[in-house]
Amino acid sequence: MVSGRSLKATGVADAAAPSHALGHRERLRDRAKAGGLAALPDYELLELYLFRTFARGDVKPMAKALLARFGSFGAVIGAGIEALKTVPGVGESAAIDLTLLHEATLRAGRDKIARRPVISSWTALLGYVRVALANEPREQFRVLFLDKKNQLIADEVMNHGTVDHAPVYPREVMRRALELSSSNIILLHNHPSGDPTPSRPDIEMTRQIVEAGKALKVNVHDHLVVGREGVASFKALGLF
């Protein structure tokens, strides 16, 4: 197994850390301090983060390989440990560190919507659901359970599926809403294809959940479908 902290064994970088590599690290850190992290391109931001995992060596090729493999910075950190380890040089330690960054980003986004009514923080909500779901390789159905003031009680994954289907049972959604004393819910799921356009089964399933909620006084605010190309809102599309 390739160690997450050894680049030499993979040919990606030399663990002896030649002077030009050390100089590059210092120059990159200086640029980050002078111009701010936001000014750095994705591969350099990824490099800076990988410096924390790999104390020595040139990680620029690895950063560029990760972006080439997954397509974007967000897709890299959201790829999952086993997928990350398919990139040469990325061992267990590096993969865990990258997924840690994804989890930290997810929790920061959740904090933004947890202390205020969710429906009045729609931009923050959309940012959160994209981090949570846009790069998931399989369909995942989850529900945001809200109280009477539309504040978040829980964000729960109700089911995992395949690359194009996640079975959903309206009675299970309603059962959990009653357990949590949730008066309002927002449905979420992703399309691994990248296209968030709701499918016919998505529409039928949503209508079933809306009808089940009416009988129990549980209101469905919206159903958001998340893909790499964006987020589709059932309410905005007039689908219920």
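# Working through a predicted fold

Among contacts in the protein that join residues at least 6 apart in sequence, 62% are between residues at least 24 apart. Keep in mind that this is a predicted model. Grab the structure and try the exercises below.

## Exercise 1: get the overall picture

Work out how many helices and strands the protein has, and in what pattern they follow each other along the sequence.

*Solution.*
- Step one, count: there are 9 helices and 5 strands.
- Step two, walk along the sequence: the pattern reads α-α-α-α-α-α-α-β-β-α-β-α-β-β.
- Step three, look at burial: 46% of the 240 residues count as buried.
- Step four, check the surface: about 12,000 Å² is exposed, and carbon and sulfur atoms supply 54% of that.

## Exercise 2: find the core

Say which residues have the most contacts inside the largest nonpolar core, and which helices supply at least two residues of this core.

*Solution.*
- Start with the core itself: the largest one has 26 residues, and L46, L50, L66, L84 and L98 have the most contacts inside it.
- Now ask who contributes. Helix 1 (19-35), helix 2 (42-51), helix 3 (60-70), helix 4 (73-77) and helix 6 (92-114) each put in at least two residues.
- Then zoom in on L84. Leaving aside residues up to four places away in sequence, L84 touches L66, F70, V76, A79, V90, A95, L98 and T99.
- For background, nonpolar side chains in soluble globular proteins tend to be buried together.

## Exercise 3: three salt bridges, three settings

Take the pairs D30 and K33, R31 and E44, and D155 and R142. For each one, say where the partners sit and whether they are buried or exposed.

*Solution.* The count of salt bridges comes to 14, and these pairs are among them. As a reminder, side chains of opposite charge can pair when their charged atoms come close.

First pair:
- D30 and K33 meet through their side chains at 3.7 Å, N to O.
- Both residues lie in helix 1, 3 residues apart, or about one turn of the helix.
- An α-helix has 3.6 residues a turn, so residues three or four places apart point the same way.
- D30 is partly exposed, with a relative accessible area of 42%, while K33 counts as exposed at 68%.

Second pair:
- R31 and E44 bring their closest N and O atoms to 2.8 Å.
- R31 belongs to helix 1 and E44 to helix 2, so this bridge ties together parts 13 residues apart in sequence.
- R31 is partly exposed at 42% relative accessibility, but E44 is buried at 5%.

Third pair:
- The closest N and O atoms of D155 and R142 are 2.9 Å apart.
- This one links distant parts of the chain, with D155 in strand 2 (residues 152-160) and R142 in strand 1 (residues 140-146), 13 residues apart.
- The cut-off for buried is under 20% relative accessible area. D155 has 18%, so D155 counts as buried. R142 has 8%, so R142 counts as buried too.

Before moving on, look for a network: E156, E172, R175, R176 and E179 are linked by salt bridges.

## Exercise 4: read the face of helix 8

Find which residues of helix 8 (residues 170-179) are buried, and why they line one face of the helix.

*Solution.*
- List the buried residues: P170, V173, M174 and A177.
- Look down the axis of helix 8: its buried residues fall within an arc of 95 degrees, so they line one face.
- Find the cover: strand 1, strand 2, strand 3 (184-190) and helix 9 (200-216) are included in what lies over these buried residues.
- Step off the end: S181, just after helix 8, takes a positive phi of about 55 degrees.

## Exercise 5: compare two loop residues

N150 and K217 each have a positive phi. Where is each found, and is each one buried or exposed?

*Solution.*
- N150 is not a glycine, yet its phi is near 65 degrees. Its place is the loop between strand 1 and strand 2, and N150 is buried, with a relative accessible area of 11%.
- K217, also not a glycine, has a positive phi of about 60 degrees. K217 sits in the loop between helix 9 and strand 4 (219-227).
- At 74% relative accessibility, K217 counts as exposed, whereas N150 is buried.

Key. Residues numbered from 1 in each chain as written. Predicted model: local features only at pLDDT ≥ 70, side-chain atom pairs only at ≥ 80, totals over all residues. Heavy atoms only, no water. Helix = DSSP H or I, 4+ residues; strand = E, 2+ residues; numbered from the N terminus. Buried < 20%, exposed > 50% of the residue type's maximum accessible area, 1.4 Å probe, protein only. Contact = heavy atoms within 4.5 Å. Areas by Shrake-Rupley, 256 points an atom, 1.4 Å probe, with all protein chains shown as cover. Core = buried A, V, L, I, M, F, W, Y, C linked by side-chain atoms within 4.5 Å. Salt bridge = Lys/Arg side-chain N within 4 Å of Asp/Glu carboxyl O. Arc of directions from axis to C-beta.
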